[in-house]
Amino acid sequence: MAVELLSAEQLHAHADALGELLVDAVEGGASVGFLAGLDLAAAARWWRDRAPDVAAGRLATWVVRDGERLAGTVSLAYADKANARHRAELVKLLVHRGARGRGLGRSLLARAEREAARSGVTLLLLDTQTDSPAASLYASAGWTPLGVLPDHAADPRGVLRPTTFFYKRLHG
């Protein structure tokens, strides 16, 4: 299982497959910024719209395959403020429901952490729905919960849920 970094051109070329991952996550109840009913065209367009950020170095996106199919992805959003170049946000860690339970999420997370440290990032941040499987993954991977904000984001059904914010210090 190889985790590969996508160029802007590759991200654009794989936007439909990435869109399928996003739709699967939303249909599975993941609170990843979208509501139920997300269609493939809108999800693929969302990914295509990220290509300029990848090209500019503001975003790094990795994928992992299950045979020929993209089975998971994770991204790092790098801070654009001069006083925040030491930090990045981990975003859109998605693993297709049919590929879960095989360590793909943990592999994607580990790769993003290694590459962040290699690029000089010393602090990673993320947020996720409290008591979700993702929150359990981050806690077991050594991320520190910073706090919980009630009613921070709606789940795919539109129900407001609490969000746990996590951080992780990295050592190059």
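Threonine 128, in this predicted model, is in contact with Ala134, Ala135, Tyr138, Pro162, Thr163, Thr164 and Phe166, once its neighbours within four places in sequence are left aside. The residue is found in strand β5, and its relative accessibility of 10% falls under the 20% cut-off, which means that threonine 128 counts as buried.

The strand that carries threonine 128, β5, belongs to an open sheet of seven strands, in which the pairing is mixed and the order is β1-β2-β3-β4-β5-β7-β6. At the edges of this sheet stand β1 (3–6) and β6 (144–154), and because each has a single partner strand, one side of each is left without a neighbour in the sheet. From one strand to the next, the twist averages 25°. Within the sheet, strand β4 (residues 87–95) and strand β5 (residues 123–129) run parallel and are joined by three bridges; arginine 87 has leucine 123 as its bridge partner in β5.

Two helices can be placed against these strands. Helix α5 lies across β1, β2 (59–66), β3 (69–78), β4, β5 and β7 (160–169), and its direction is at about 160° to β4. Helix α6, for its part, lies across β4, β5 and β7, running at about 150° to β5. One of the residues in contact with threonine 128 is Tyr138, and Tyr138 also takes part, on the α6 side, in the contact between the two helices.

That contact between helices can be described in its own right: α5 (residues 104–118) and α6 (residues 133–140) pack at an angle of about 55°, with 11 Å between their axes. Because of this angle, α5 is oblique to α6. The crossing of the two helices is right-handed, and the contact is made by Gly105, Arg106 and Leu109 from α5, together with Leu137, Tyr138 and Ser140 from α6. By character, the residues of this contact divide into three nonpolar, two polar and one charged.

The edge strand β6 offers a further residue to follow, since leucine 149 is found there. With a relative accessibility of 38%, which lies between the cut-offs of 20% and 50%, leucine 149 counts as partly exposed. Not counting residues up to four places away in sequence, leucine 149 touches Arg161, Pro162, Thr163 and Phe165; among these, Pro162 and Thr163 are also in contact with threonine 128. Leucine 149 and leucine 22, finally, are 127 residues apart in sequence, and their C-alpha atoms are 24 Å apart in space.

Terms used. Residues numbered from 1 in each chain as written. Predicted model: local features only at pLDDT ≥ 70, side-chain atom pairs only at ≥ 80, totals over all residues. Heavy atoms only, no water. Axes fitted to C-alpha atoms, helices over the stretch in contact; angles between N-to-C directions. Helix = DSSP H or I, 4+ residues; strand = E, 2+ residues; numbered from the N terminus. Parallel < 35°, antiparallel > 145°, perpendicular 65-115°, else oblique. Left-handed = near helix turned anticlockwise from the far one by under 90°. Contact = heavy atoms within 4.5 Å. Nonpolar A, V, L, I, M, F, W, Y, C, P; charged D, E, K, R; others polar. Pairing = 2+ DSSP bridges. Buried < 20%, exposed > 50% of the residue type's maximum accessible area, 1.4 Å probe, protein only.
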